[in-house]
Amino acid sequence: MSVLDTRNIEKLASEIGENVYIDVAKWHLYLAEAHLHTQLAEQLYPLLNQGDFTENEVQQVLQKVYVNLGGGKQTTSLVNLIPNSGIQELVRILKDFQEEL
């Protein structure tokens, strides 16, 4: 991975971390606070290089990112924790970011 890719992933991670949250009992935990933004940016970054992508492809990536709950007693996929509006916001962030590349 190039230095430019690393910088872009860090920038994307920051944007995701500040704008996308998981919702637990109407409590919003932004992905930066949950320390999930960098991992997610690394997983999503290849979509930006492939050209056009869909919300479904973004959801497939979210499906593969697991979050420990209750100190690891349970795990769930990140797609289950982000509300639909948050997924749409994530897609918007990715499309905007892709235009800047």
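## Report on a predicted protein chain

Serine 77 is buried, with a relative accessible area of 3%. The model described here is predicted.

**Serine 77 and asparagine 56**

Serine 77 belongs to strand E4, which covers residues 74–77. When residues up to four places away in sequence are set aside, the contacts of serine 77 are Leu62, Gln63, Lys64, Val65 and Tyr66. Asparagine 56, by contrast, is found in helix H3, which covers residues 55–63. Because its relative accessible area of 46% falls between the limits of 20% and 50%, asparagine 56 counts as partly exposed. For serine 77, the value of 3% is under 20%, and the residue is therefore classed as buried. The two residues are set side by side below.

| Residue | Element | Relative accessible area |
|---|---|---|
| Serine 77 | Strand E4 (residues 74–77) | 3%, buried |
| Asparagine 56 | Helix H3 (residues 55–63) | 46%, partly exposed |

A separation can also be given for asparagine 56 and glutamate 42: these residues are 14 positions apart in sequence, and their C-alpha atoms lie 18 Å apart in space.

**Secondary structure and the E1–E2 hairpin**

The protein chain contains four helices and four strands. Read from the N terminus, the order of these elements is α-β-β-α-α-β-β-α. Strand E1 (residues 21–24) and strand E2 (residues 27–30) run antiparallel and are joined by four bridges. Within this pairing, aspartate 23 of the hairpin stands opposite histidine 28 in E2. Two residues separate E1 from E2 in the hairpin, and alanine 25, located in the turn, has a positive phi of about 50 degrees. In a regular strand, side chains alternate between the two faces of the sheet.

**The chain as a whole**

The radius of gyration of the protein chain is 13 Å; a compact globule of 101 residues would be expected to have a value near 13 Å, so the two agree. Along the principal axes, the C-alpha atoms fill a box of roughly 40 × 25 × 20 Å. Of the 101 residues, 39% are buried. Among contacts with a separation of 6 or more, 58% are between residues 24 or more positions apart.

The exposed surface of the protein chain amounts to about 6,100 Å², of which carbon and sulfur atoms supply 47%. As for charge, the protein chain carries 7 positive and 14 negative side chains, and the centres of these two sets are 5 Å apart.

Methods: Residues numbered from 1 in each chain as written. Predicted model: local features only at pLDDT ≥ 70, side-chain atom pairs only at ≥ 80, totals over all residues. Heavy atoms only, no water. Pairing = 2+ DSSP bridges. Rg over C-alpha atoms; globule rule 2.2 N^0.38 Å. Buried < 20%, exposed > 50% of the residue type's maximum accessible area, 1.4 Å probe, protein only. Contact = heavy atoms within 4.5 Å. Areas by Shrake-Rupley, 256 points an atom, 1.4 Å probe, with all protein chains shown as cover. Lys, Arg positive; Asp, Glu negative; His and termini not counted. Charge placed at Lys NZ, Arg CZ, Asp CG, Glu CD.
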